[in-house]
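Q: I'd like to learn how to read a ligand site and a few backbone oddities in a model. Could you walk me through this one?

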Amino acid sequence: MAAKKSVLEFISSIKAKKRRELLEFEAKKLISIWGIHTTHAELAHDVQEAVKLAREIKYPVVLKVASPDIIHKSDVRGVKVGLSSELDVKHAFEEIMANVRANKPNANVLGVTVQEYVPPAREVVVGMVHDKTFGPTVMFGLGGVWVDVMKDVSFRLAPLTRDDALEMISEVKGYPLLTGTRGAPPADIEALADIIQRVGQLAAEVPEIVEMDLNPVFVFDKGKGAVAVDARIVLREG
Ligand code: ADP
Ligand code: MG
């Protein structure tokens, strides 16, 4: 399959740089090769490049710190969303750099990534870990407190069928938030199931990937799709 060949080539290019953890923009490139809808992100090394990229991507945009030493970008206040002008981008760039200097002074910062801003939607998490006994296992949960506090998540071994993916979604306690309650329209559960299934397929076919985290995935109303706005991928050692 052409996508698999491209993914393996891409992974080799990362390994050649002696890294196991992909940066967000790299992880997004990999999942987009695999047909998972994501916000394409480009690396800007300085403020001028950030402004140029924002103009190309078109406003509004999002800026995020790009550093191999920073896993949780918002923990160091390294994410600025909804920037709608050149001035916004310049300010956001300086602010991110200052925040990172203050919160993580020793981080090796490559610059920032620039990506399109996605309007608010229901936020969910799709992940994958390699279980020592069972192998690649896919995780699904609703975003934010649902995962962090309530541990409201479901698991399946990879690869998954369409029905497996739909079942995983329906198993979490917060499921009614996706089907629509109190007048809210249903979310695009089909598009979400497609992402979950693709994550499972990627995990099963590319064992070099040992960990994957799409957090969050924005799920729009039924028929409008779903998009991963953050992505993290870890490769096997050696
Ligand atoms: P972290 O490394 O802290 O997880 P994220 O990339 O997930 O950083 O960004 C933090 C939050 O910012 C996300 O949970 C999401 O709500 C919001 N966000 C991130 N990227 C976008 C985007 N492209 N459009 C809109 N909101 C975004
Ligand atoms: Mg995130």
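What follows is a short dialogue on the ligand, the domains and the backbone.

Q: What ground rules apply here?

A: This is a predicted model, where local features need pLDDT of at least 70, side-chain atom pairs count only at pLDDT 80 or more, and totals for chains, interfaces and linings use all residues. Residues are numbered from 1 along each chain as its sequence is written, chains are lettered from A and ligands numbered from 1 in the order in which they are written, and side-chain values use heavy atoms, with hydrogens and water left out.

Q: Which residues come nearest to ligand 1?

A: A residue counts as near if one of its heavy atoms lies within 4 Å of the molecule. Here 18 residues surround ligand 1, and Lys64, Lys73, Ser74, Glu116 and Val118 come nearest.

Q: How do I read the polar contacts?

A: Look for a pair of N or O atoms within 3.5 Å. Serine 74 has a polar side-chain atom 2.4 Å from an oxygen atom of ligand 1. For the side chain of lysine 64, the distance from an N or O atom to a ligand oxygen is 2.7 Å, and for a polar side-chain atom of aspartate 230 it is 3.0 Å.

Q: How much of ligand 1 does the protein bury?

A: Accessible areas come from the Shrake-Rupley method with a 1.4 Å probe. Ligand 1 exposes 540 Å² when taken alone, and the protein buries 83% of that.

Q: Which element gives the largest share of the shell around ligand 1?

A: Elements are DSSP runs, numbered from the N terminus: helices (H or I, at least four residues) and strands (E, at least two). Strand S8 gives the largest share, 3 residues.

Q: And which domains feed that shell?

A: Domain bounds come from an automatic or database domain assignment. The shell draws at least three residues from each of domain 1 (40-117) and domain 2 (122-235). The centres of domain 1 and domain 2, over C-alpha atoms, are 27 Å apart.

Q: Where should I look for unusual backbone?

A: Most residues other than glycine have a negative phi, and most peptide bonds are trans. In this chain, the bond from alanine 158 to proline 159 is cis, with omega near -5°; proline 159 sits in the loop between strand S7 (153-157) and helix H6 (162-171). Asparagine 215 and proline 216 are also joined by a cis bond, with omega about 5°, and proline 216 lies in strand S8. Lysine 18 is not a glycine, yet has a positive phi of about 60°; look for lysine 18 in the loop between helix H1 (2-15) and helix H2 (24-33).

Note on methods: Polar contact = N/O pair within 3.5 Å; in protein donor to acceptor, adjacent residues only side chain to side chain.
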